[in-house]
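Hi,

Here is the structure I promised to pass on. Have a look at it first, and my notes follow underneath.

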Amino acid sequence: MSGSPAPATASRKQPPWRLPEGKPVPKLKLYNSMTRTKTEFIPKDGNQVTWYACGPTVYDATHIGHARTYVTLDILHRVIEDYFGYNVLFVENITDIDDKIIKRARQNHLFSNFKAATSTVTPEVIAKAEEAWKLYAESEFKPIDASAVDQWATFSEKISKDSALKATLAAAHPKFPMHFLALQEAFNSIDLAKKSPSTTDAAAFCEANKTTLSNLLDKELSHTVSDRKVFRDLAAFWEGEFFKDMDRLGVRRPDVLTRVSEYVPEIVAFVEKIISNGYAYEAEGSVYFDTAAFDGKDGHHYAKLAPWSKGDAALMEESEGSLGIKLSGKKSSMDFALWKTSKSGEPAWDSPWGPGRPGWHIECSVMASEILGSGMDIHSGGIDLAFPHHDNELAQSEAYHQCDQWVNYFTHCGHLNVEGQKMSKSLKNFISIQQALEKYTPRQLRFFLLLHQWDTGVDFRETSMGEAIGVENTFNNFFVNSKAMIAEAKHTTLESTGTHNFRRLELDMIAALKEKQNAVHAALCDSINTPNAMSELLALVSRTNVYVKDAGRNLNVDVVNKVAQYVSKILRTFGLDVIVAEPVGFVSAQGSAAGVSAEDVAMPYLQVLSTFRDTVRAYTREGRPAQDILALSDKLRDEDLERLGVSLDDREDGKALIKFIPAEELAAQRQAKIQQAAEKAAKKEEAARAKEAARLAKLEKGKVSHLEMFQQSAGASEYGSFEEGTGIPLTDKEGQELPKSRKKKLTKEWEVQKKLHEDYLAEKAKGTIA
C-alpha cells in the first residue's frame, strides 16, 4: 500500500488545522563584558559558534585559581554545546614564550649546573652563597628596613617576636613573608656551614640557598643561556602537568590547541600589517602598538572592556613583563609591545626588526585569527585579564582586520579568593590543584563552582566545600535509591493488579517535574545561572523523595525513573561525570562489560550465595537456634555483600531494597558507624563513671553523722549549746537564742545530712563502699 497522500476530493477532505499557540520560551542571554549587561546570544553563523579561550602561561604548578577559570569555562562550554545544542569550535592557547618562562627556565638551568658542580661546601661556595644572600636582601629589604641587611639576626628576631609588625609589613609589601622566609632559610644554612663546613651536605646547602643563588647566577650568567630547548623544556613540562590536572578535573580538551612558539612566522606577518595600517612603530628592534594613533580613529576605541583603566601605567607596565619593561623606545607609557627585541640569554626568532620574540598580547590575536578568521562569537578568560591583556588584544586585532568589533561576546570568570584573601604563596594560602585533590574529589570541586555564578567572585572556604559535599550526598543518595527501585521493578514489570498506577500523586509529580524543567531552562537561559539551576534540581529531588514516601507500596517507578533521568542528564551536562572526552564510534552492544563473560561477573556473588546456603544447611542439621541463622543473615548483609558493593536496606514490608554502592563507600560508612558506636559507648561509659564518682562523693559527705555534724564542723565555736538528741544548735557563743530563720535553715541542713548518712550506712552494710 502506497504511503503517498490520497488526493483531496470535494466530498472527502481533511478538516482545517490550526497552528498551535505555544508559550513563550526564554532565549539564552550571556553576561557580556563588552556591554556589562546580559545580552541575547546570537552567533554569527546560525548554529555554529566560534570560541577562543586564553590558556595558561606554563611555568609553574596549576592552582585552584586555574581550576576556577578552566572548570568554569568547561561548564559554560558544555552547557552551550550539550544543552543548547550549538556546534562549538573551541580554541585554546598555551603561552610558551613569556618573560616569566624565560627567567624561570634560565634560573633553573643555571642553578642545576651550579648544584651539579658543588660536591662539597667549600669556603668559595659559602662566599658565593653570602654574596647571593646580600644581593637578594639589598634588592628586597633595603626599601623596607635599611638596617636589615647588615643586622639580619636582630631584624629577624624582631620580626619573629613582633607578629603585629610582621603583619604590618606583609600588608604594605605582599611578598614580604616569602622573601623573609627565603632569606632566613639561606642565612641559617650559611651560618651552620661556616661552623661545620665538612659535615654540611652540599645538595641540601644548595637547596636552602636556591632562591638567592638563582637570582645571583641569573644576573652573572644569563647571557650564556642560548639554547631554545632550555626554555621549551620548562614550558613543555608544565604544559603536560596542566593537562594532567585538567583531565583529573574533567575539563574537556580544546578542539584546537595553539602554542605561541608554533606561530612565530604568522605573528611577524601580523605585526607587519599593523605597522602598514598605521597603528604600530618600530623602536630599537622592538615594535610597539600606538594607542594614541588607534584610539578614536576610523571608529576605533581603545580599552573597550575597561575604559576607566585607560592610563593606568602600573597595570600596563606589569603586563609588559619583567624583561619587557627594561626595553626603551616607546612613544607613550600606554603603548605596548607587539614584538620584543631579544637580548643575550633570551630566546630569539628572526624578524624584519632583528632577533626577537612576540609580545604577550599579540599571540592570542594572531592564533585566534588564524583559526577563526576576522572575528569570533565568544572570547573567554579570567577577569584579571580584562585590562590590559584583552583590551590590547581587541585593539591590535581591530587594527589588523580594520574592523570595529572583533569579538561579539566577552565572558570573564570571576576571581577566586581563599578564606577571604587573595591566594598567594607569600600568604601561605596557595593551593595547587594536586593539593586540592588530595582533600576533595574533582566532582566536589565542580559542585562548589556550580553553586557560585561564573562571572562573580568566589571564596574558597571549608564551609563552602562542606556545602558542596552535602549537595553531592543529596544527589548521590537520590540516585542510589532510584537505581535500586528501578532495578527491583524490572522483575515485576509484567505483573498487574488490574488497575493503573497513575493517580493524583503521579499527576502532581509529573506536573512538578515540568515546572522544575522550565525553571532550570530559565536559569540556564539567564546567563547560565548554575546556582539557580542547582537549587531547582535540589528542590525536584526533595519533591520526588516526598512522592516516594507518600506513594509507599503503590509507587510508580516509571515516574521516579523519569525524574532521575532528567536530573542525571542536567548534571552530566554540567560535567559531573568527570568525563574528559566522549567515546568515538559506536558503544559496544555489551556496554562496559564487553569482553567480560557472564560467569566472571556473576561468580563473586554466586560464591557468597553458595557459602550462605551451605552454612544455613549446616546450622539446620546441627539444630542451631533461629538467632544463629539470623546472625548469619546479618553477616551476609553487613560483611559479605558489602565487600561486593551491595547494600540491603530493610523495609517495613519485609523485602529489602537492593542498592549498588562502591564497596569502599560502604566500608567507609560501616567504619563511620562503628566509630560513632564506639564514641557513643565511650561517652556512655564516661557518663557512668561520672555518675558513680558523683554518687561516691555524695556518700562521702554522709560519713559524718547528722547527730555530730554541727559539733564537728569548722564553725562549731560559733554556737553555745546544742539540742539534745539531734545536735542542732540552739544558742550562739554569747548564749543568745538563735533566730527562728537561722534555726530553720540549720534544721534543713540537718535533715539533708541525716538522709546522706542513712544512705551511707545502707551502702556500707551492702559492702559497696569501704
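First, a bit of vocabulary: two strands pair if DSSP finds at least two bridges between them, and strands (E, at least two residues) and helices (H or I, at least four) are DSSP runs numbered from the N terminus. Bear in mind that this is a predicted model, where local features need pLDDT of at least 70, side-chain atom pairs count only at pLDDT 80 or more, and totals for chains, interfaces and linings use all residues. Residues are numbered from 1 along each chain as its sequence is written, and side-chain values use heavy atoms, with hydrogens and water left out.

Now the strands. β3 (residues 48-53) pairs with β10 in the parallel sense, over 3 bridges, and A53 sits opposite S380 in β10. β10 also pairs with β11 (residues 407-413), again in the parallel sense, over 6 bridges; there, G381 faces H412 of β11. As for β10 itself (residues 376-382), 7 of its 7 residues are buried (under 20% relative accessible area, with a 1.4 Å probe and protein chains only).

Then a helix pair. α22 (residues 626-643) packs against α23 (residues 663-701) at about 150 degrees, with the axes 9 Å apart (axes are lines fitted to C-alpha atoms over the stretch in contact, and angles run from 0 to 180 degrees between N-to-C directions). That makes α22 roughly antiparallel to α23 (angles over 145 degrees). The contact (heavy atoms within 4.5 Å) is made by D638, E642 and R643 of α22 with A663, L666, A667 and R670 of α23.

Cheers

How values were computed
Parallel < 35°, antiparallel > 145°, perpendicular 65-115°, else oblique. Buried < 20%, exposed > 50% of the residue type's maximum accessible area, 1.4 Å probe, protein only.
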